[in-house]
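Hi,

Here is the structure I said I would pass on. Have a look at it first, and then read my notes below.

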Amino acid sequence: MKILVCISCVPDTTTKINFTADQKAFETQGVQYIINPNDEFGLTRAIRLQQSHGAHVTVVTVGDVSCEPILRKCLAIGADAALRIDTQPQDGYFVSKQLEALCQKQSFDLILTGRESIDYNGGMVGGMLATLLNLPFVTHCVGLEINGDEAIMQREIDGGKEHTKANLPVVLGAQKGLVEEKDLIIPNMRGIMQARQKPLTVEAPVALDPRSQIEHYEKPEARGPVTLFDLSDVDGLLNALQNQAKVL
Amino acid sequence: MAVVTFIETHNGKASKASLELLSYGRSMAAATSASLVAVIFSDSDTQELKDHGADVIYTVDTASDSYFNLERYSTTLAEISALEKATLVVVSSSSEGRYLGPSLAVKTEATYLSNAVALPTAYNPFTVKQSCFTNKGFAISESLSSSTVLSLSSNSFGIHPQPGRGEVKTHPYASTQSKLEVTKVEHAQESISIADADIVVSGGRGLKGPEHWHLIEDLASTLGAATACSKPVSDLGWRPHSEHVGQTGKPVASNLYIAIGISGAIQHLAGINASKVKVVINNDPEAPFFKAADYGIVGDAFEVVPVLIEKLKALKKA
C-alpha cells in the first residue's frame with residue numbers, strides 16, 4: 001500500500017498573528033513553523049499503517065525551500081520519502097492542482113490531507129483533490145481502518161458520527177480523533193538521524209493561475225476591557241447579559 | 001443570474017444556518033439584480049423558505065438516499081447552478097456545507113472562498129472578507145473566476161426575514177454512482193449540537209474532574225445551551241473529543257459563550273473568538289481569558305455556578 005500525506009507548513013498554534021505595515025502580507029518575522037496539526041494526525045495514522053500493513057509513506061508539501069525542515073521532521077517521525085513541489089502556494093485550488101498532477105504521475109492507495117490548515121482554514125484541498133481525481137472523500141475523519149482493498153471510515157458530523165466505507169484509493173481530511181493526541185509521534189534521535197538519509201525530492205510545479213487572491217488583510221478589532229462582577233453579584237452579571245448584551 | 005443557496009433541513013424545517021444563508025443570499029441577490037434560489041434535498045416547509053427570501057425553490061427527491069451523499073448532492077447542485085446561470089453559490093459552515101463547497105467549486109469551475117464573515121465589498125471582481133488564522137485575522141479576497149462558491153461563517157450575518165417569490169420547482173436527484181457508502185449514522189445523546197447552539201457552556205481543567213461535570217450540564221440545560229470543553233479536558237479523557245472547542249477542535253460562533261475554569265490559552269481563544277459575548281468564571285484573576293472576555297466573575301466555579309443556576313431558574317419562572 002502506498003500512502004501520500006499532504007503537509008502544510010503553518011505558524012505555530014501560539015503565534016500572535018500580525019500583518020505587514022501595508023497589510024498586504026502575513027508578517028513572517030519571528031514566526032515558528034510547524035506541521036499543520038490536522039495533517040500531523042493524518043501522518044501519525046499513516047505511520048501506524050506502515051507498521052501494521054507495511055505501507056510506504058510519502059509526505060508532500062507545496063512550498064519553497066523554507067518548508068524543508070518540516071519535511072525532515074515528517075521523515076524523522078517515520079515517513080519513508082518526502083517531496084516538495086517547488087512553488088509558493090497561491091490558493092487552495094492551486095495547491096490541489098499541484099497535488100493532482102503528482103497523484104497522476106505516481107499512484108497512491110490512500111491520500112491524507114488535514115481537514116483544514118490552521119492558517120487559511122479553507123478546508124478545501126482534500127475535497128478539491130478528491131473531485132479532481134474522481135475519488136471518494138471523507139473529511140473531518142475520526143476513524144480509519146484498512147481491510148484488504150476497503151477503507152472503513154468515520155466522519156464527525158454536527159452532533160454525531162457517520163460511518164462510511166469505500167474501495168481504495170480514497171482521500172481523507174484528517175483531524176484530532178483519527179489518532180489520539182497522546183499517540184502523536186515525537187521524533188527520537190534515531191529517527192532524526194535516519195531522516196538525513198531518506199530521500200527529499202524537489203519537483204517542478206505545473207504552470208497554473210490561482211482562482212483567488214488576497215487583496216489585503218485585517219486584524220480583528222480590539223475589544224473593550226472585561227466588566228467584572230463580584231462573587232456576590234451574580235444578579236449584576238445576569239442583568240448585564242439580559243439588558244446590556246441581550247443574549248439571555 | 002442567480003444566487004443559489006444549499007438549504008439543510010432537520011425534521012422538515014430549515015436549519016438556523018440555512019435561514020441565515022437565505023438572508024445573506026437575499027442581500028446579494030438584491031445588489032446584483034439576481035434571483036435567490038434555494039435547493040432542498042428533502043420534503044420541507046417551502047413557505048418558510050419563501051418567507052425568508054427564496055424566489056425559486058428547487059426540491060430534490062433523494063428517495064433511496066437517506067444520508068448526505070457528497071457526490072450526488074454536489075452533482076445535483078452543479079446542474080441547478082448551470083440551469084439558473086448562477087454566479088454565486090452559498091453554503092453554510094455546517095459539516096455538510098463545508099464538505100460540499102470545495103467539490104462543488106471544482107465541478108462548476110468556480111472559485112471557492114471559505115468562511116465569509118460579511119457581505120461582499122464588491123461584485124466585480126467578487127470581493128469578500130473571510131476569517132483566517134482561526135479568527136485571529138481576516139483576509140479580503142477576490143475571486144478571479146466568473147462564478148464563486150462561498151461558505152458563510154455561522155452567526156456572522158444573522159437572520160433577517162424578507163419574503164421572496166417562492167416559486168416551487170422540482171429537480172431530479174443526480175444518478176451518479178456513489179463511490180462512498182454510508183453504513184450508519186450515530187447521533188450523540190446531547191440534544192443541542194455546538195454548531196447549532198445560541199449558547200455554549202464550556203468547562204476546563206478548573207473543574208478538577210469529570211465527576212463535577214454535572215455543574216456544566218445543569219447550567220447548560222437551564223440555559224438550553226450546548227456543552228463544550230477545553231483541549232486538556234478532552235485529552236485527559238474527562239469529556240469526548242466531539243466536545244473539544246478551540247483551534248484544533250470545533251469552532252464556536254454562538255451568541256453567548258460561558259467559559260468555566262478555562263484559563264484561555266491562545267489556541268482556545270482562537271476557536272471561540274467568533275462568539276458574540278463571552279463570559280468567564282475563573283478563580284485566577286490573572287487568567288488570560290479575562291482579557292478576551294466581555295464579562296467575568298473572579299471566583300470558584302464550585303461556588304459561582306450553583307448560584308448562577310439557581311438565579312437563572314428563578315429568572316425563567318418570573
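**Helix packing around H4 of chain A**

H3(A) and H4(A) cross with a right-handed sense. Bear in mind throughout that this is a predicted model. H3 covers residues 92–105 of chain A and H4 covers residues 125–133. Their axes come within 9 Å and cross at roughly 45°, which makes H3(A) oblique to H4(A).

On the H3(A) side, the residues that meet H4(A) are A:Gly92, A:Tyr93, A:Val95, A:Ser96, A:Leu99, A:Glu100 and A:Cys103. They face A:Val125, A:Met128, A:Leu129, A:Leu132 and A:Leu133 in H4(A). Sorted by class, that contact has nine nonpolar, two polar and one charged residues.

H4(A) also packs against a helix of the other chain, namely H4 of chain B (residues 95–107). Here the axes are 8 Å apart and the angle is about 40°, so H4(A) and H4(B) are oblique to each other. This crossing is right-handed too. A:Gly127, A:Met128, A:Thr131 and A:Leu132 supply the chain A side, while B:Tyr99, B:Pro102, B:Ser103, B:Val106 and B:Lys107 supply the chain B side. The residues of this contact divide into five nonpolar, three polar and one charged. Note that A:Met128 and A:Leu132 appear in the contact with H3(A) and again in the one with H4(B).

How much of H4(A) is covered? Seven of its nine residues are buried: A:Val125, A:Gly126, A:Gly127, A:Met128, A:Leu129, A:Ala130 and A:Thr131. The cover includes H3, strand E1 (2–6), strand E6 (110–114), E7 and strand E10 (170–174) of chain A, along with H4 of chain B. Just after the helix comes A:Asn134, with a positive phi near 55°.

**The two chains together**

Stepping back to the whole interface, 61 residues of chain A are in contact with 67 residues of chain B. On the chain A side, the elements giving two or more residues include H3, H4, strand E7 (137–147), strand E8 (150–157) and strand E9 (160–167). Strand E12 (212–218), strand E13 (227–229) and helix H6 (234–244) are also among them. By class, the chain A side has 28 nonpolar, 19 polar and 14 charged residues.

**Chain B on its own**

The domain assignment splits chain B into domain 1 (2–171) and domain 2 (199–317). Their C-alpha centres lie 32 Å apart. Seven residues from domain 1 and eight residues from domain 2 make the contact between them. The domain 1 side of it has no nonpolar, six polar and one charged residues.

One residue I stopped at is B:Arg72, which lies in helix H3 (residues 70–83) of chain B. Is B:Arg72 buried or exposed? B:Arg72 comes out as partly exposed, with 19 other C-beta atoms within 10 Å; the cut-off for buried is 20 or more. Setting aside neighbours within four places in sequence, B:Arg72 is in contact with B:Asp65, B:Tyr173, B:Ala174, B:Thr176 and B:Ser178. There is also B:Gln177, 105 residues away from B:Arg72 in sequence but with its C-alpha 7.9 Å from that of B:Arg72.

Cheers

Key:
Residues numbered from 1 in each chain as written. Chains lettered and ligands numbered in written order. Predicted model: local features only at pLDDT ≥ 70, side-chain atom pairs only at ≥ 80, totals over all residues. Axes fitted to C-alpha atoms, helices over the stretch in contact; angles between N-to-C directions. Helix = DSSP H or I, 4+ residues; strand = E, 2+ residues; numbered from the N terminus. Parallel < 35°, antiparallel > 145°, perpendicular 65-115°, else oblique. Left-handed = near helix turned anticlockwise from the far one by under 90°. Contact = placed C-beta atoms within 7 Å. Nonpolar A, V, L, I, M, F, W, Y, C, P; charged D, E, K, R; others polar. Domains from an automatic or database assignment. Buried ≥ 20, exposed ≤ 12 C-beta atoms within 10 Å, placed from the backbone.
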